[in-house]
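Me: I am new to reading protein structures and would like some help. Could we go through one together, feature by feature?

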Amino acid sequence: MPQSNFELRRKLLQLEALYDVGVALNTLRPEADLLEELMNRAVAVLDAMTGFVFSLDDKLNVQHLFTFGVDAPAQPNAMLADAAVKQVLSSREPLSVKDRLLAPMLAAEQVIGVLAVGGKEERKSVGSFVEDDLRFLSSLAAIGAAAIDNARNYHRLNVLRESLEDENRNLKQRMLREYSDRLMVGDSPKMQRVIDLAARVADSQANVLIRGESGTGKEMVARLIHGNSPRKDGPFVAINCAALPETLLESELFGIERGVATGVEARPGKFELARGGTVFLDEVGDIPLALQAKLLRVLQEREIEKLGGRRRIPVDVRILSATHRNLEEMIERSEFRQDLYYRLKVVEIVLDEYGKREGLRDVRITQDALQKLMRYPFAGNVRELENLIEGALALTTDPVIDSGDLLLPVSVSATAGEELSADLPKLNELQRRYIARVLAFTGGNMSKAAKILGVDRKTLYRMRAAMSQNTTSGENWDVH
């Protein structure tokens, strides 16, 4: 009779434990926490001295492992070599062998893990497990499998929801810009050079850096590349790196683990949401140095680590980036990593500021046009020169301004040849005046002036220094 009472109490304890586990696992928790809960319950109820539990990913590799009373192997997949584990995975049935009990964790006809205990302890000696113990372990494994499957489904749905929300926002923005974008691309033959380059680079997996001032259509070019790439059916996920503070930007890019702060739930970052598609990092030059190092690791290893996490997550994305900032100068000031710069700039597309209204880039002026400008009496009126250049950009069919593109008054341009006389300034004086006027036009910006003149910045600095020493006209180089 006492034995029957003992058996009854033991069964009641197991039923209560199953109920408690069902309640405890009914909340969304990280998978590793669920496995630890299962292990602790199994060991406590069955008086086991050892045990282990592991979950499997879609490729049947060990994803999470928790042990009790034994050391975990250095390589979690070593658990799969155990003969008893192999039998359970193959048969999908619970197993009692020697002093061990093993039960499969099944979800939708798939084995997603194994729960096992060993060495039953009874009054300071090793006892034996009974049939009810195996039944209890199987029930516990079934409850745990359902909880893990629910957590995984929730994560997948959450990733899908975030992706759909991003796509919906992008679609709304795209519809708002559709008409103006169509005019900019379709109606401007000068933009075709940029479009052709974008189309050529679209088929590759190369990272592309798009450069240009605000309003030059950098995101539009990024969308053109994505839309013509093998990843076009995948998501296009854009983020403005200049619009978020560093901590928030890190979690938006790489995701965040549950519990990093009070009330914070786990959520995926842009790199996870863009899996199989494209990430567009707008204003990449504004990323803080600390995050630049983390972004470089993503480019090198194609893996991310969530904020507050330790597990590395593989990512399959193409990275397009854009900036209006001078990254080369930032590198010289140690504000931008040179190794990251070269990783991002495998291919570069430049949208030139001066030609942005007409889709032109790398604007140049021919010698004939230059002479025509020098003969025209601007009388120091910089606004007049600026308007003249803008008008020429509207007329030219390529990035080269010729004399025919300059809308100068007929009275001046027609008689200019007759006004030439022997006392005209020398060539170096003409050159000095023209450089001074271009600098005035660009507001003293040497980089912009060098682009218009068709020389690099160092050459322009040397020209300016040499002419300042040799000037005889009494004029100075100050830009007013």
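Me: Let's begin with strands. In which sense do β4 and strand β5 pair, and over how many bridges?

Reply: Good place to start, and keep in mind that this is a predicted model. Strand β5 covers residues 110–122, and β4 pairs with it in the antiparallel sense over eight bridges. To see one facing pair, find Leu102, which stands opposite Ala116 in β5.

Me: Which residue of strand β3 stands opposite Leu102 in β4?

Reply: That is Leu95. Strand β3 spans residues 95–97, and three bridges join it to β4 in an antiparallel arrangement. Leu102 therefore faces Leu95 of β3 and also Ala116 of β5, if you accept that a pairing is defined by bridges between strands.

Me: Is strand β4 largely enclosed or open?

Reply: Here is a general idea about strands to hold on to. In a regular strand the side chains alternate between the two faces of the sheet. In this model, six of the eight residues of β4 (residues 100–107) are buried, so the strand is largely enclosed by the rest of the structure.

Me: How do I read the turns, and which residue in the turn between β3 and β4 has a positive phi?

Reply: Start from the usual case. Most residues other than glycine have a negative phi. The hairpin of β3 and β4 has two residues between its strands, and Lys98 in that turn has a positive phi of about 55°. Lys98 is also exposed, with a relative accessible area of 85%.

Me: Which residue takes a positive phi in the hairpin of β4 and β5?

Reply: Look at Ala108, with a phi near 55°. This hairpin, too, has two residues between the strands. Another case to find is Arg92, whose phi is near 60°. Arg92 sits in the loop between α3 (83–91) and β3, and is partly exposed at a relative accessible area of 36%.

Me: Now for empty space. How much of it lies in the largest pocket, and which residues lie nearest its centre?

Reply: The general idea is a rolling ball. Rolling a probe the size of a water molecule over the atoms shows where empty space is left. Here the largest pocket holds about 1800 Å³ of space. Its lining has 45 residues, and Glu31, Gln63, His64, His155 and Arg311 lie nearest the centre.

Me: Which element gives the largest share of that lining?

Reply: Helix α4 does, with eight residues. Among the other elements that supply at least two residues each are α2 (31–46), β2 (62–68) and β11 (312–314). By type, the lining divides into 17 nonpolar, seven polar and 21 charged residues.

Me: Could we look at one residue of α4? Is Asn158 buried or exposed?

Reply: Asn158, found in helix α4, has a relative accessible area of 10%, so it counts as buried. Its side chain makes a polar contact of 2.6 Å with the side chain of Arg161. Setting aside neighbours within four places in sequence, Asn158 is in contact with Ala266, Arg267 and Pro268.

Me: And the whole chain: how many helices and strands are there?

Reply: The protein chain has 17 helices and 15 strands. Of its 480 residues, 42% count as buried. Among contacts between residues at least 6 apart in sequence, 67% join residues at least 24 apart.

Methods. Residues numbered from 1 in each chain as written. Predicted model: local features only at pLDDT ≥ 70, side-chain atom pairs only at ≥ 80, totals over all residues. Heavy atoms only, no water. Buried < 20%, exposed > 50% of the residue type's maximum accessible area, 1.4 Å probe, protein only. Helix = DSSP H or I, 4+ residues; strand = E, 2+ residues; numbered from the N terminus. 1 Å grid on protein atoms, 1.4 Å probe; cavity = no way out; pocket = protein on both sides within 12 Å on 5 of 7 lines; lining within 4 Å. Points joined across faces, edges and corners; volume = space filled by probe spheres on them. Nonpolar A, V, L, I, M, F, W, Y, C, P; charged D, E, K, R; others polar. Polar contact = N/O pair within 3.5 Å; in protein donor to acceptor, adjacent residues only side chain to side chain. Contact = heavy atoms within 4.5 Å.
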